[in-house]
Each structure stands twice: as C-alpha cells, then as structure tokens.
Amino acid sequence: LAKQGVRFANAVSPVPMTLPAHCTMLTGTNPLYHGVHDNLDYKLAPDAVTLGEILKNEGFTTGAVVSAIVLDHQFGMDQGFDTYDDQLDPLPATGQPSAERNGEAVNSVGIDWLKQHGGERFFLFLHYYDPHFSYSPPEPFFTKYSSNRYAGEIAYVDFCVGQIISTLKSIGQYESTLIIVTSDHGEMLGEHGEKFHEYFIYQSAVRVPLILRLPGTDDDATEGSVVRDRVGLVDLVPTICGLLDIEPPKVLHGMDLSPALRGESLGPRGKPLYMESLSPTKYGANPLFGIIDGHWKFIHSNRPELYNLKTDPVEITNHARLHTGKVVLLRDKLKKVLVEQYRPDAGQVAVTDAATRRRIESIGYIGGHARNEFSIDPEREDPKNLIGFHADAVKVQMLIDNEELLGGDGFRDVVAICKSMIDRQPDYVKAYLDIAQMAQLKEDFEAAAHWLTRALEHAPDNSVVHCKLGIAIFHLGRTKDAIRRFRKALVLDPYSVVAHFHLAIALHLSDNFEAAIGHYEKAIELDPKRAYLYAHLGAALNAQGETDRAIEVYRYALELDGESITAHYNLAIALHALGHRDEAWTHFRHVIRINPALGDEIGKEFGVPGD
C-alpha cells in the first residue's frame, strides 16, 4: 500500500489511548473539544459530527467492525454507521463475553459486509486490536516472531489487511477504493520507564503509521511517496472531505492533507498538533499536555520538557533550560489551544456496569477516575515522579485479570503491592478497592468491609466505594445497613447502574418488591441492553404476582442473551408453575447445558420430563 500510495512518516495521535484517539480520528476534533479523554467514564456525545454521519448524509452505505470492548457502541462510536458490529465472542471457560477478538474474526464479518455492499458507495471502518499486550499472535506468527511477539502481532495485522485487499480485488473494487491505514497509538516498550501506553505522551506512544492509497493507482507502482511534514489523526476527516469534495463540518482542528497526495507542499499548519494524557491524575499527579510545532515538541507539566524531534526523535535530551525563549513561546501557543478548543460541557459520562469495567481493565487499562483538569497545579506531583507508581498499578491490574496467577502467589502479590501503594499514597482509593476485591474472592467479607471503610476515610463522597461496601456488608447479612449504603451511593451518583441493581436485590430479598422493581427498571433505563437486569426484574415481578409480565421480561432477556442462565432458569420456573411443563423443560435443559452441576437439583425440585 505504501508503494502505491503516500506514507506520512510523522503522524501523531492526540492521546495514547484507544477510545479518545478514535473519537479524534472520526470527528477531526481534539479531545478538548469532543470531550473524551479516557477509555473509562467517557462517551462521545450525540452532538459530535462523525465521519460515518458525514458520509451517510452523502449517500454512502456505512459499516464498522470493531474488535475491543473499548469501542463498544455504548461509548457513542456507532454514530452514523448503518452497521456497527461490536459483538465479541464469549469466553469458552465461562460463557461471559470477552474483551476483544482477533483480526481474522474482524475480517470474517468485514469480508461478508464488503461482498454484500461492495457494489455501493461504501465506507467501511475495520478496527484491529491485536498489537496490544499480551502479545500472542496466532501461528505461524507466534513461532516466526518468537523473539519479538509485538512485531508478530503487527505482522499478523498486516496479514489481515492483506485479506481485505484480496477481497476488494476479487469483487472488483480495489482500483476504485480509497484505502487508509493508521493506528490510534503506539507502545512505549520500556522507554522513559513505561512498558505499554496510556501514561506518557512521548513519541513512542503517540507516533502512528499513516498510509493513504488513492483510487486508480497503478497496481504495478513500485515507488510510493513519503511526506515528512508532521500531521495528525485530527487531519483525517478534513482530508477525506477534501478528496471527496464534501463540505466539511464547521468545527475541525485538523488540516486537509490532500495537496500532499497530489505531490504538492502542505504548507505551514495553522495550529500546532495537540496531545494530552489525563492518566497521571488518577494518582493525584498533574495531567500532561503537549504540542508539536514544526520539529519542536513541548510537554507542559511541573518540569517542562522541550525536544528537537529532528535531531532527537526518541526524546532523550530535554532542551527546556537551554531554550527558555522557545519554552515561553510554545507554552503560550499551548495555552491558546487549551482556551480555544476546550469545551467544559463536551462529551458525556459513560454509564458502564461492573462487568464492562472489568472487561476494559482486563485488557490493561487502569481503572480509577481521570480528573478533567486542564491546568498545572504546582502543589501536585509531576507525572514523571509517579511512573513507578503507575507501573505498580499496571502490575496489579494484570495480576487481577489473570485467574491462574491469582490462584498462587499472585493473590498475595496484589495485596502486598496495594498495601505498599497505600503507604506511599494513602489517598489512592483504587488500592483499597483492589484489596477488598481480593478479600471478596476469598469470601472474606469482613476484611473487604474493613478496607472499604478505610477507603471512605479518604473518599467519603465516592459512590463506588459506598456501593462496594454495601455489597460486602450485604453478604455479612446486614441488609438494612447495605440498603443505606446503596442509597448513599445513589445520592452521590444517581446514574450508577451497579448501585440501582444491588439496591434492587437487597429490597427484593427484603420482600419490598415494588421498590425493587422501581430500581431494576431504573437500572434498565440507564443500561437497556443487559440481559441480567431483565432476568432479575422478572423475578421481582413474578414474586409480586405479575407472572405474565415476568414471562415477557424473561423472553426479552433471552433475546438479548440466549445464554443467560438466570433468564432460562427463572422463565422455566414461571412456566412450570403455570403448568407449561414441556416448554419449562426446554429452558431447564438450557440451564443444565450451561451448568451441568444444576441437573440433579432441578430434577429433584421439578421432577423429570415424562414423570
């Protein structure tokens, strides 16, 4: 593709994280404006104008196939797409949905889509998540790249891109299709003390590939052109609009790169390229902001950093003390960008359930809440001082997400690391939450309640802590105290699906069915696609005597998730009670297939079909 097109050798992402970078890629605006700054707790607002919407309005059929939970439709990324496939295969061991799928699974859907819509004016967005930790490409790439599995993941994605090219050729659309290959971020691989990505905004994390191949390019071309001007993901939307002669959105922060595709000079950028990381704020440190202006890169924090990317592309030598005038100039330019582009009311809070958060954290992203802070407080830590702390947080996350490791020394390691982090930073609430989670895995709810109570000393207004403390003391049989905790959590965060759900359970088991139904329904209103919420609502309705409505709710739960053991079981009980035994046993069999251990119990309670 590079030999037949144009390769931009110095393209950058505005943030080293999947969701916010893709929001920029598909809107042509920076995170300051679209309001999405992290993979957790943020959602692209409906008022954002996406590339999918632009092209759909121009008569294009639009489709997307994504490969990781961080781009799930619930985060607003489906805007403008006729088809948005984010269905991830269930894990074989548990039946729970996984957090990602590999490139060939993406292609399986994408190729079918191309064969169906390739004869139309189409826009297809394919997302490959493979080059992320843990680096484990399929064979033959696993063996071939045994000394560098990260490179193996990249080679595997290249192979998957090749499958798409072959499909385009087979359906006669290759020559007429604009093809763009890029990425949302890079990987630090140990540079500057960071092993993966999301924390620092050095080039290893934000520099990305960018290749554009125009329609009608000679398939025998052997020399592509290379553009060394510094460009960004923020330039993609204006470039596509320029190439298609489409009126661009009114607000764009990028520039049209199409002159470079015609061999012309791009000329000077009107605005410097912006980048940010709010991840350090999860540990009480300042955020990181940066700009690239020409070959100079400025990173603003407690100790400013200035790098000459032309002579020092890996950012070893900080020139901030030597070129103080340049620091002042670039700081002023950065402040101008912050003032002009920042919208305090942009984006939306993402309402995610506990399972979704666990799935996002399971692929390496650190939980905790990034703060929307866009200035540097000299009283806060410099992010560079806390990279070791961040490394410990990443290690804890990986141990928690690896059940095999947790079965051995990993369990003790999590607790030991978290206690060490608390000693260094007593107000780091996530460490208390992680220790409490370990205690709950051991069903030591007294210990869990102890650590969550300690967390409240530092975060008395943290809804999550109140909710988790409520869950712990509910398991200790203190139902009334638990209900008070869940209500407190909802005062602090009325949109907490988890708090509504657990309060509903506690009320349900206290025989307060009407109030329980209200909170189940509120949870569903906030998150309408979760089968387990409907399954529990049905149980409360059934307990209140509304059996017919309960059965409707169970059936809808199974439309959402045909493998919901709770929905199958509760529906079977309701049908059995009404005398519909054959249909009831259809659902009991599903329960036994999913969990064979329940077979004897069901047989004893409900008999055997034919008895």
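Colleague: Which residues of H17 are buried?

Modeller: This is a predicted model. Buried here means under 20% relative accessible area. In H17 the residues that meet that cut-off are Ser463, Val465, His466, Cys467, Leu469, Gly470, Ile471, Ala472 and Ile473.

Colleague: Which helices do the buried residues of H17 pack against?

Modeller: Contact needs heavy atoms within 4.5 Å. By that test the partners of the buried H17 residues are helix H15 (429-441), helix H16 (445-458), helix H18 (479-492) and helix H19 (497-509).

Colleague: How far does helix H17 reach from its first C-alpha to its last?

Modeller: Helix H17 covers residues 463-475, which is 13 residues. At 1.5 Å a residue, 18 Å is expected. The model comes close to that, with a reach of 19 Å.

Colleague: Which backbone nitrogen does a side-chain oxygen of asparagine 462 reach at the start of H17?

Modeller: The oxygen comes to within 2.9 Å of its partner. A polar contact allows up to 3.5 Å. The nitrogen belongs to valine 464.

Colleague: And just after H17, which residue takes a positive phi?

Modeller: The angle is about 90°. The residue is glycine 477.

Colleague: Now the salt bridges. How many are there?

Modeller: A pair counts when a Lys or Arg side-chain nitrogen lies within 4 Å of an Asp or Glu carboxyl oxygen. By this rule, the count is 22.

Colleague: How many residues apart in sequence are the parts tied together by arginine 213 and glutamate 175?

Modeller: Their side chains meet in a salt bridge at 3.6 Å, N to O. Arginine 213 sits in strand E8 (residues 210-213), and glutamate 175 in the loop between helix H6 (149-170) and strand E6 (179-182), so the parts joined are 38 residues apart.

Colleague: Is aspartate 235 buried or exposed?

Modeller: Aspartate 235 forms a salt bridge with arginine 269, with the closest N and O atoms 2.8 Å apart. The pair links distant parts of the chain, 34 residues apart. Arginine 269 is partly exposed at 23%. Aspartate 235 has a relative accessible area of 0%, so the answer is buried.

Colleague: Which helices do glutamate 521 and arginine 549 lie in?

Modeller: The two side chains meet in a salt bridge at 2.6 Å, N to O. Glutamate 521 is partly exposed at 31%, and arginine 549 is partly exposed at 34%. The pair spans 28 residues, linking helix H20 (residues 513-526) and helix H22 (residues 547-560).

Colleague: Which residues are linked in a network of salt bridges?

Modeller: The network holds Arg303, Glu305, Asp382 and Lys384.

Note on methods:
Residues numbered from 1 in each chain as written. Predicted model: local features only at pLDDT ≥ 70, side-chain atom pairs only at ≥ 80, totals over all residues. Heavy atoms only, no water. Helix = DSSP H or I, 4+ residues; strand = E, 2+ residues; numbered from the N terminus. Buried < 20%, exposed > 50% of the residue type's maximum accessible area, 1.4 Å probe, protein only. Expected span 1.5 Å × (residues − 1). Polar contact = N/O pair within 3.5 Å; in protein donor to acceptor, adjacent residues only side chain to side chain.
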